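Visitor: I'd like to poke around this model with you. Show me the structure, and then I'll start asking.

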Amino acid sequence: MLCLAVIGLGNISLRHRKNLKILYPESKVITLSARGKVLTELPDSADLIVTEVAELIRLKPYFVIVASPASMHLQHAKELIQAGIPCLIEKPLCINFREAESLLKLSQKELTPTAVGYCLRYMPAAKKMHELIKSKILGEIYNITIEVGQYLPDWRRTIDYRYSVSAQRELGGGALLELSHEFDYAQWLFGPLNVEHAVLRSSKELGLDVEDLVDVVFSTQSGAQGHVHLDFLQQQPQRFCTVKGENGRIHWDLLKSTVDIFLNHQEHQHFAFNDWQVNDMYLDLIKEFENLCLGKKHLTVDLAQAAETLKLIDMIKKST
């Protein structure tokens, strides 16, 4: 019987276990508490509980999804990579570039299949956006605006947001790491970014000791100027990317899964990916990772790209 495993017990871990059961209905799904919680009953969509990574390794799973807090990714992934067990690591790769670089060097030495879960890239609208930007439909790009705002207390209704991973600095919380998807896709679309200025703030509204407001001014290698805004505060969520260039503009709404193109002297073009569901990108993430494990063509985000995102985040922290 095929054995698969997920490290962690949070919401994303549950989603992964459910998706493993969808994709591999006859498999045995193993679960491991990232922080040593003693489980008295099987979590949803799990068939077996283990208490430590060494025990998990002895069971020789086909692959493991590392969905522990970011501060534990290095520890968990390192053991799996050294044992030759493929691992799909939830974003961010680690909590800083130094840790990410260490893991990257190990993976290059051991050649164990590894990837990072920046799943927004699997959205059909994201692929359309990538196609448009790479085709240079806008000509020279002048400005880029990226924004995501979501209300942290609404993220996980079953727990007090103050005790969530997102709210705890030592576990890799804060808007910079939790919403690092935006920095991943920004570099995927526009290439390496230069940090010009950044402001990290902790509002009084949520009473957190991590940043819940982030504003970053950046430039691209081609000279375009951009702004990224992240926050945990917007009770009416929004998530978008707008790109302006010499030939017009493109607006990507990530929540509506739409792309709108406004080119000079041309009719507005609207692309709506209505058949797409949010869980589809998580399913595609696992499918693409299996393609990597099998040596097939794949679209996974490798550790080098994920490490560059952390390098950018470290630069942002240093610039404040």
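Guide: Let's start with a pair of strands: S11 and S12 (residues 248-253) run antiparallel and are joined by six bridges. Strands here are DSSP runs of E, at least two residues long, while helices are runs of H or I of at least four, both numbered from the N terminus. Two strands count as paired if DSSP finds at least two bridges between them.

Visitor: What am I looking at, and how is it numbered?
Guide: It's a predicted model, with residues numbered from 1 along each chain as its sequence is written. Local features need pLDDT of at least 70 and side-chain atom pairs count only at pLDDT 80 or more, while totals for chains, interfaces and linings use all residues, and side-chain values use heavy atoms, with hydrogens and water left out.

Visitor: Okay, back to S11 and S12. Through how many residues does the hairpin join them?
Guide: Two residues link S11 to S12 in that hairpin. If you want a register marker, Val243 has Ile250 of S12 as its bridge partner.

Visitor: Which strand pairs with S11 over eight bridges?
Guide: That's S7 (residues 141-149), in the antiparallel sense. Thr145 is matched there with Thr242 of S11.

Visitor: Is S11 largely enclosed or exposed, and why?
Guide: S11 (residues 238-245) is largely enclosed by the rest of the structure, because six of its eight residues are buried. Buried means under 20% relative accessible area, exposed means over 50%, and partly exposed is in between (1.4 Å probe, protein chains only).

Visitor: What other hairpin should I look at, and what's in its turn?
Guide: Try S13 and S14, which have five residues between them; His265 in the turn has a positive phi of about 65°. S13 (residues 258-263) and S14 (residues 269-272) run antiparallel, joined by four bridges. Val259 finds its bridge partner in Phe271 of S14.

Visitor: Which residues, besides glycines, have a positive phi?
Guide: Lys60 is one, at about 50°, and Leu111 is another, at about 60°. Most residues other than glycine have a negative phi, and most peptide bonds are trans.

Visitor: Where do those two sit?
Guide: Lys60 lies in the loop between helix H2 (53-58) and strand S4 (63-66), and Leu111 lies in the loop between H4 and strand S6 (114-116). Lys60 is exposed, with a relative accessible area of 68%. Leu111 is exposed as well, at 67%.

Visitor: And where's a cis peptide bond?
Guide: Between Lys91 and Pro92, with omega about -10°. Pro92 is in the loop that connects strand S5 (87-89) with helix H4 (97-110).

Visitor: New topic. What's the strand order in the open sheet?
Guide: Six strands line up as S3-S2-S1-S4-S5-S6, with parallel pairing. At the edges are S3 (48-50) and S6, each pairing on one side only. Neighbouring strands of this sheet are turned by 20° against each other on average, direction ignored.

Visitor: How many bridges hold S1 to S4?
Guide: Four, in the parallel sense, with S1 covering residues 3-7. One of the partnerships is Val6 with Ile65 of S4.

Visitor: Which helix packs on the sheet, touching S1?
Guide: H3 (residues 73-82), which touches S1, S4, S5 and S6 and makes about 165° with the direction of S5. H8 (residues 278-293) lies across S4, S5 and S6, running at about 155° to S6. Contact means heavy atoms within 4.5 Å. Angles run from 0 to 180 degrees between N-to-C directions, and axes are lines fitted to C-alpha atoms, for helices over the stretch in contact.

Visitor: At what angle do H7 and H9 pack?
Guide: About 115°, with the axes of H7 (residues 181-190) and H9 (residues 303-319) 9 Å apart. H7 and H9 are therefore roughly perpendicular to each other (65 to 115 degrees; under 35 is roughly parallel, over 145 roughly antiparallel, the rest oblique).

Visitor: Which residues make that contact?
Guide: H7 brings Phe183, Asp184 and Gln187, and H9 brings Glu308, Thr309, Leu312, Ile313 and Ile316.

Visitor: Last one: how far is Leu294 from Lys21 in space?
Guide: 20 Å, C-alpha to C-alpha, and they're 273 residues apart in sequence. Leu294 sits in the loop between H8 and H9 and is partly exposed, with a relative accessible area of 46%.
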